Amino acid sequence: MQKLYQTPFLLHFFLVVFFVFTSGSFLNAQSNEDELQFMQSIYGMEKRDVVEEFLELSDTETSEFWRLYDEYEAKRKELGKKRFELVNKYVDQYGKVSSVNADTFMKEAIQLRNKNNSLLDSYYKKIKSRTDPVVAMQFYQIERYLSDLIRIEILEEIYTTKTNN
């Protein structure tokens, strides 16, 4: 198995993610549902290629794994929409952060992070029980890795918090 950073699909995936998140539409508060769905479809297609390259599935595990993966992705995308909305709200409020809206924002961000973690944990368990613990571990590793890459990219693109002075 190749290391993640040596995977050609990953390099291509990272470039797509970088393009999507650095485009002006990502930080534009007027983003609409169509743009979000477009970004998620690009991310989903590229991501699936990376996951397929990384996992070592037997013929008997393939069908069940991809069924569970598709289920997981549908739920993850719903949470992704909420995270996208939250980031846009943050960008809209840049330079106007008060104690009240900072606390509200952080409560929503923490809740979304917890939901994402819970979703990943639950699908790790499902995949482990229906395929193999090694496959489940690979799934968890690649999901966490890709999620962290995207978080880093988002954090590098958004501004740090400024108070409402």
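1. The expected span of a helix is 1.5 Å times one less than its number of residues. In this predicted model, helix H5 covers residues 99-130, which makes 32 residues, and the expected span at 1.5 Å a residue is therefore 46 Å. From the first C-alpha to the last, H5 reaches 47 Å, close to that value.

2. H5 contributes a series of buried positions. Asn101, Phe105, Leu112 and Asn116 are buried in this helix, as are Leu119, Leu120, Tyr123 and Ile127. Tyr123 also belongs to the aromatic cluster taken up in point 7.

3. The overall architecture is helical. The protein chain has six helices and zero strands; read from the N terminus, its elements run α-α-α-α-α-α.

4. On packing, 38% of the 165 residues of the protein chain count as buried. Among contacts with a separation of 6 or more, 79% are between residues 24 or more positions apart. The chain exposes about 9,700 Å², and 56% of this area is supplied by carbon and sulfur atoms.

5. How many aromatic pairs does the structure hold? There are seven. One of them joins Phe65 and Phe139, with 6.1 Å centre to centre and 70° between the planes. This pair counts as edge-to-face because the angle between its planes is over 60 degrees. The pair links distant parts of the chain: Phe65 sits in helix H4 (residues 59-92) and Phe139 in helix H6 (residues 133-157), 74 residues apart. Phe65 has a relative accessible area of 0% and is buried. Phe139, also at 0% relative accessibility, counts as buried.

6. Phe139 has a further ring partner in Tyr72. The rings of Tyr72 and Phe139 lie 5.1 Å apart, centre to centre, with 85° between the planes, and this pair too is edge-to-face. Here again the pair links distant parts of the chain, with Tyr72 in helix H4 and Phe139 in helix H6, 67 residues apart. Is Tyr72 buried or exposed? Its relative accessible area is 4%, so Tyr72 falls under the 20% limit and is buried.

7. The two pairs described above are part of a wider arrangement. Ring pairs link Phe65, Trp66, Tyr69, Tyr72, Tyr123 and Phe139 into a cluster. Within this cluster, Phe65 and Tyr72 lie in H4, Phe139 lies in H6, and Tyr123 lies in H5. Phe139 pairs with Phe65 and with Tyr72, while Tyr123 is one of the buried residues of H5.

Conventions. Residues numbered from 1 in each chain as written. Predicted model: local features only at pLDDT ≥ 70, side-chain atom pairs only at ≥ 80, totals over all residues. Heavy atoms only, no water. Helix = DSSP H or I, 4+ residues; strand = E, 2+ residues; numbered from the N terminus. Buried < 20%, exposed > 50% of the residue type's maximum accessible area, 1.4 Å probe, protein only. Contact = heavy atoms within 4.5 Å. Areas by Shrake-Rupley, 256 points an atom, 1.4 Å probe, with all protein chains shown as cover. Phe/Tyr/Trp six-rings, centres within 6.5 Å; stacked < 30°, edge-to-face > 60°.
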